[in-house]
Structure formats: structure tokens, C-alpha cells
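Work through the two exercises below with the structure open beside you, and try each task before you read its solution.

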Amino acid sequence: LDTCKTKDLTTRSSGNNGFPRPQGVLKGAVNPKILFIPLNFPDTPSFSDADINLIRETLKEVQDFYKKTSYGLVNIEYQILEKSKWLTMDRTAESYGLTNPRPQQNNTDALIEILAKADPSINFDLYDGVTIETVRFSGQGVGQAFLGQVFPTRNGSAKGVSLEPAGAAGSFQTLAHELGHTLFGLEDLYLFSPGDPNPAGSWDMMSNSSREFFGWSKFLSGWLEDQQVRCLSNQMSTVHYLESLELSSVKPKLILLNLQEGVTIGVEVRQLKGSANRGALVYKVDSRINHGDGPIKAQNELLYVGKSLVIDGWKISALIEGVEGMLVKVEKVG
């Protein structure tokens, strides 16, 4: 299996798409504790009790999502900061550029000022992550994860921090996506520059609003056991049974075909919501490609029984569908 635990070969990246995992990211069975901090500005609406009730519902949704996608290994505990300690800034959100931020805007300076306002009774050392949000208001609003950064405060150090203002606030997708960065060190899979906006397709939370992760992302995060991953390198033709990725069991879930250091073909089985049939999903992981430049490229459609495709000299075929998975054939053709 070590053959398929390839390195991240990028020189400029936020996150990591290989092994070993970066220092400080969580892996396997974890119970992260996250502090949720409501943030008010003079030029934005202030949090109300009704807003907090909506936030509780969204946070519960995020907790349920991570528990399910990790097969019960990730159990997030959220703590909403008590009302008397909510943060209120002196300057406007607009002055920080938080009402309509530029693409990939870096809000580190703003975050440092925000954390400086935190009540000294808050012990940030008690938390694995910190989520800071405004109430939702009109404005583009983009979540930013401060991956791998630790910020000193008047009481402990804040780590695993994300900032979500304006239209990004109160969003399940934004909250879940940013946790993929801050807790697990996963990369953005969509493109920052013009082009195909989602080369990874609609299959992974780090690409768009998918409520799932690639098997590769789960492998990186320690949610798949070694016996659930079939690592190929020199085999000319093999057939494997793969259980559908969303099901919780210890049966094989992922085929990895290592092409060279940092470059791997992944094959897994998915069942689309509302569909009675399962199909094979094929994608290519290239850790030489930077975060934001499309390090994973996936097919748009599943391979259903009788269908196949050829990728980099290898033919992937969907042979037989079973009750909970399917047989997949991998053979060298080039």
C-alpha cells in the first residue's frame, strides 16, 4: 500500500494532496471541538436569537455530514460563544473588504484584528478549530480557511481558523468545505483561474457542494482502513469487488493505480441520489498540480455495467453490479 501513498509534489500549495499528512491535521477517529464566534460590524446586521437558532440547525447538519462521510470516525463538537462575548468591531466590514471581497482575497490582517477583540476569558487552547461568522447579509462573501496558521491571542492560540462573512455566512456548504481545509488539510479542487471551474466534477466537497468526498480524500484523512484500498502498480489485468463508497463497512472501497510518484488513478463505486443503479467513478490525482489549479480531474458520468474507458494506457470496465457494489476490471492496454 505504501506504493500508493504518494507524496504531494507541489512547491506552492495551501493544503496537501499526498502523504505524509501535514503536521497538525486530524486523521482517523477524532472528536474535534470547534468554537463558533458570532461577529458584528457597524455596517452589517447584528446577530439575533433567531439567527443563532438557524446557525444551530446548520452546525447540526455539518456534524451529521462529517459523521456519515467518515463512517462514524469524525464526531464534531460545536460550542457557540456565549452572547456576552460576541465580537463587535469598531471599523466597518467594508473597510476590511469583507462586504464584496476580491477573488482569493487574503483576510489575515482583518482576522488578526478580530481575534485581538476576543474576550481574554476565552481559552483558545481548548479548541481544535475556530469558526468566525457574521450574520448573513447581501454581499458576495467568501469563506477563508487559515490552513496551518496559528494565531496568538490574549488567552492561548487560535488554530484551525476560518472566517465566513456576508453571503458565505450560515451556509452548510461553506462551513463543511472550510473544515475540510482547517481540520483535515484538504486542497481546493475547483479552479481559481478561468477555465473548467470544476475539473473534479460534482463528486467532492472540496470541489463544489457535493455531500461526499472522493475515496482518495477519505484515504488521506484516515477514514478508510488499509484492507479497503487495493493498490496496483505492475499488474496487467485484475478484477476487484468494490462496495459503494457511501456504505459503512470494512469491504474494499477504492482502487488506486499508481502511475508515478504523485500521480494516481482512483476508481470507486458511487450511487447517485435518486438512482437505482451504481456505477464506477474514475479520476486522476496529480499532486504535482497546485491547489486551485485542478489537482484532481474526474469523469463527468459514472461507468455503469457494460461501460468502460481508457485513461493513460489503462482500461477501466464496469463488469457486474451487485446488491451493494460492483465488480470492476483494470487492465493494461497501452
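The exercises that follow deal with pockets and the residues that line them. The model is predicted, so that local features need pLDDT of at least 70 and side-chain atom pairs count only at pLDDT 80 or more, while totals for chains, interfaces and linings use all residues. Residues are numbered from 1 along each chain as its sequence is written, and side-chain values use heavy atoms, with hydrogens and water left out.

**Exercise 1.** Describe the largest pocket and its lining.

*Solution.* Begin with the space, which is about 850 Å³ in the largest pocket. Next, take the 35 residues that line this pocket, of which Gln-104, Gly-143, Asp-188, Tyr-190 and Phe-192 are the closest to its centre. Then look for elements that give two or more residues to the lining, and you find strand E5 (144–145) and helix H3 (172–182). Of these, H3 gives the most, with 5 residues.

**Exercise 2.** Describe the second largest pocket in the same order.

*Solution.* The space in the second largest pocket is about 450 Å³. It is lined by 14 residues, and those closest to its centre are Ser-210, Arg-211, Glu-212, Gln-271 and Lys-273. Two or more lining residues come from each of helix H1 (49–69) and strand E12 (263–271), and H1 gives the most, with 3 residues.

**Terms.** A pocket is an open set of points on a 1 Å grid over the protein atoms alone, where a 1.4 Å probe fits, with protein on both sides within 12 Å along at least five of seven lines; lining residues have an atom within 4 Å of a point. Grid points are joined across faces, edges and corners, and a volume is the space filled by probe spheres set on the points. Helices (H or I, at least four residues) and strands (E, at least two) are DSSP runs, numbered from the N terminus.
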